[in-house]
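Hi,

Here is the structure I promised to pass on to you. Have a look at it first, and then read on for my notes.

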Amino acid sequence: MSDTPMIDQLETGPWPSFIKDIKRMAEKNAMCKDLLGLLEMSYKDKKTHWKHGGIVGVRGYGGGIIGRYSDSPEKFPNVSHFHTVRVNQPSAWFYNTGALRYLCDLWEKHGSGLTNLHGSTGDFVMLGTTTDQLEPIFTDLSEHGWDLGGSGSDVRTPSCCNGMARCEFACYDTMNLCYDLTNEYQDELHRPAFPYKFKFKMSGCPNDCVASIARSDCSIIGTWRDDIQQDDAAVAEYAKGGKVDIANDVVGKCPTGCMSWNGSKLSIDNKNCNRCMHCINVMPKALRPGKDKGAMILLGAKAPIVQGALLSSVLVPFIKMEPPYEEFKDLIRRIWEFWDEHGENRERIGEMIVRIGKGNFVEEVGLEPVPAMIKEPRSNPYIFYEEYFDEE
Amino acid sequence: MASLEEIKDYLFHKVESYAGKKQVKVPHLTQEIIEHFGEAECSKKDVKEALKELIDEEKLVYGYYGGTTIELPHVEGSANA
Amino acid sequence: MAAPKRKTDIGPPHYEQMLHPMVKKNYGKWKYHEKVKPGVLMHVSETGDKLYTVRAASSRLVSIDKIRDFCNLADKYCDGYLRFTSRNNVEFMTDKEANVQPIIDELAKMGHPVGGTGNSISNIVHTQGWVHCHSSATDASGVVKATMDELIDYFTSMTLPAHLRIAVACCLNMCGAVHCSDIAILGIHRTPPTIDNDKLANMCEIPSTVASCPKAAIRPKVIAGKKTVEVVEDLCMYCGNCYTVCPAMPIANPLNDGISIWVGGKVSNSRTAPMFSKLAIPYLPNNPPRWPEVTSAVKNIVETYAKDAKKYERVGEWIGRIGWQKFFEKTGLEFTKYHIDDYTLASSTYNSSTHVKF
């Protein structure tokens, strides 16, 4: 009879089994063996057996390591300490096998051999080691050109979509910006000094494959200002043989009604297009983003705790995004300075903006209010006028 | 101008005074240090440099309590508690 | 004493060394792509070059031996390059069309189905759960495995009206930010932390425990001469942050923890603006190892949507068209008082019109 009858049931079925993977490591790693036991206990008890509690890290850094301890060290001594190491991933999670094999060998030597590819923020997550292994891991990593990612009140490891490397929709070079910002903000990433965490995510187009608008304090989403590039011959090819029902599936789904189709010619009123991507997604061979490309900067997304979930909202409707990205970095500097001074303890930037008012925030970081920043103007009359006349 | 050593000393004693009483975060500390010396004497950058040295020397360490804190070094936490 | 210097602040390796030569050559030059079949993409460059991508399921929690298997495959067919997606899939890219089928075949042998492209259910993004998190209300990897075993046919085909994105988070902290998913599976605690008054003072610093609560619901207290804390239960939102700081205040409660289901969120701007997911089912029990109540609830929503939605309608767009009344009717889900918002700005969710369907 197996020691782990419940989790064993997750070895069957068509989807890849994480239990099979842990078992494979358990043959040669005592930590993995105890992890199976601890997990079985959770499945039986219907509760977690982990604690946070301890503060661990590598010397000089405040981020990158998450302390984790089990609540049953006597039963499962090999996972009594089971810390996480966040290794900063390469842009858009591209790897050569040499690089991956290096990380595997390192992790075989110093930890459980279990990983997350990848963590929610984007890091290559090494799952489970002890405190004494942390400095050796870090020294080895840094000698081989790798560094730790973020945790705590710092710039979290930026992440991006595969952009120009493998997508025709990319309106700016997401992978380059991700690499550039990660390096620019090394100090802010490793030495937490903010009121709370700050995440950057870069998507090359409004399809937003890295969910930046929902998951990052600063969402940088590619867009364009001029007309959609249209290849009429390719449109005709889609229409021919009913490959695409252009009237219903393209024009009929256009949210702005800016397109029309007379059976042979597709016309787009580009001035009324809101760049939603639907028509381009349906006919990528025929329609492409325009040539005057750049990005939109949106701020403030976060998960529910504390004040409720937020999506990012528009701060800068269009900015050219080319190295060395000075205009963008200058804006970020002003945003951080203001947040540093006015952000309350554990307050994300989105929550601060709601608290002080987006209009005030926009003014404080030196931008002009524009209609693109809102869905609609206020409907309540509670305006705090800052200027009014006094009788002489 | 306050010297780096002076800022480090004051910063260290400030953290020491909070030990066991308050989880102190960097923005709060920075404001206190600058207030103490005066803006003409001590900038945000100076505090940052002082803190980096204290951390590198392991006189202070980072902590985490739903956000990052600065603390005196301590023995490893609750593993077997 | 300062210890010897070692390299810090070097950042990640440059991405260029991680790119297949074909990717590097055509960087920024891609012209269009086609979905050749489920799980296989073909990108065509201005230069005429073609790049084939095979996308396969992965469990996110992977061992180094599994990664080495992936590397072997990439060495054999992809010149030693591979990548992972934002939804934890693994992708193998090759400039040789003839390599596509052998990659698929070998992945099948390894137990990794190919799919997740186009109008499919792609991999479920998720959090740590009982595998590695102290505040989890449920497991994540196990829920994902059980759910995807049920929904596998939607991963390996492209027959849905539109993309369908599922996410799992094991508590309200939502490391996986599931709040904008077509279907979100969210672990929930429903009771405040329990307090071990005997041990608390020994295990925890009282000031930091008090300070850990984002709602200021924790207050110092003395019980029978012992220093401890109390929780103002009305204020508690079950985030577990106090347990992070103080192990004498466990938030987990096997009797009451469970799972809630949320629907209709999206992050893409395609057609409609990004939306939050909204409550569909307030509570389902934790029933490991296969969570049958959860998987059948998800399957019911998926199947109702697949039958009723129009082409290109995401779940949220479908509900937007038919209305929430019809959503509850068609799915047969129970509507309760918990579905009616009572948090900040709740009034904006009330029906202030006569638009009602009978």
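Chain B has three helices and two strands, and along the sequence they come in the order α-α-α-β-β. Please keep in mind that this is a predicted model. The C-alpha atoms of chain B fit a box of roughly 50 × 20 × 20 Å along the principal axes. The chain has 81 residues, and 46% of them count as buried. Among its contacts with a separation of 6 or more, 53% join residues 24 or more positions apart.

As for its surface, chain B exposes about 4,100 Å², with 53% of that supplied by carbon and sulfur atoms. It carries 10 positive and 16 negative charges, and the mean positions of the two sets are 5 Å apart.

Next, the contact between chains C and B. Nine residues from chain C and nine residues from chain B take part. The area buried between them is about 780 Å², and carbon and sulfur atoms give 61% of it. On the chain C side, C:Glu205, C:Pro207 and C:Val245 lose the most area to chain B, together 36% of what that side buries. The rule finds zero salt bridges across this interface.

Within chain C, I also looked at C:Leu186, which is found in strand E9 (residues 183–188). Is C:Leu186 buried or exposed? It counts as buried because its relative accessible area is 3%, under the 20% cut-off. Beyond its neighbours within four places in sequence, C:Leu186 is in contact with several residues, including C:Cys171, C:Met174, C:Ile259 and C:Trp262. From C:Leu186 to C:Asn173 the C-alpha distance is 9.9 Å, with their positions 13 residues apart in sequence.

One of those contacts, C:Met174, has a positive phi of about 50° although it is not a glycine. C:Met174 sits in the loop between strand E8 (166–169) and E9 of chain C, and at 9% relative accessibility it is buried.

In chain A, A:Trp93 also is not a glycine and has a positive phi, of about 60°. Its place is in the loop between strand E4 (84–87) and strand E5 (94–96), and A:Trp93 is buried, with a relative accessible area of 5%.

Finally, two cis peptide bonds to look at. The bond from A:Pro323 to A:Pro324 is cis, with omega near 5°; A:Pro324 lies in the loop between strand E16 (313–319) and helix H13 (326–342) of chain A. The bond from C:Pro288 to C:Pro289 is cis, with omega near 10°, and C:Pro289 is in the loop between strand E13 (278–285) and helix H8 (292–308) of chain C.

Best wishes

Technical notes: Residues are numbered from 1 along each chain as its sequence is written. Chains are lettered from A and ligands numbered from 1 in the order in which they are written. This is a predicted model: local features need pLDDT of at least 70, side-chain atom pairs count only at pLDDT 80 or more; totals for chains, interfaces and linings use all residues. Side-chain values use heavy atoms; hydrogens and water are left out. Helices (H or I, at least four residues) and strands (E, at least two) are DSSP runs, numbered from the N terminus. Buried means under 20% relative accessible area, exposed over 50%, partly exposed in between (1.4 Å probe, protein chains only). Contact means heavy atoms within 4.5 Å. Accessible areas come from the Shrake-Rupley method with a 1.4 Å probe; for residues, only the protein chains shown count as cover. Lys and Arg count as positive and Asp and Glu as negative; His and the chain ends are not counted. The place of a charge is taken as NZ of Lys, CZ of Arg, CG of Asp or CD of Glu. Buried area is the accessible area (1.4 Å probe) that two parts lose on being put together, summed over both. A salt bridge is a side-chain nitrogen of Lys or Arg within 4 Å of a carboxyl oxygen of Asp or Glu.
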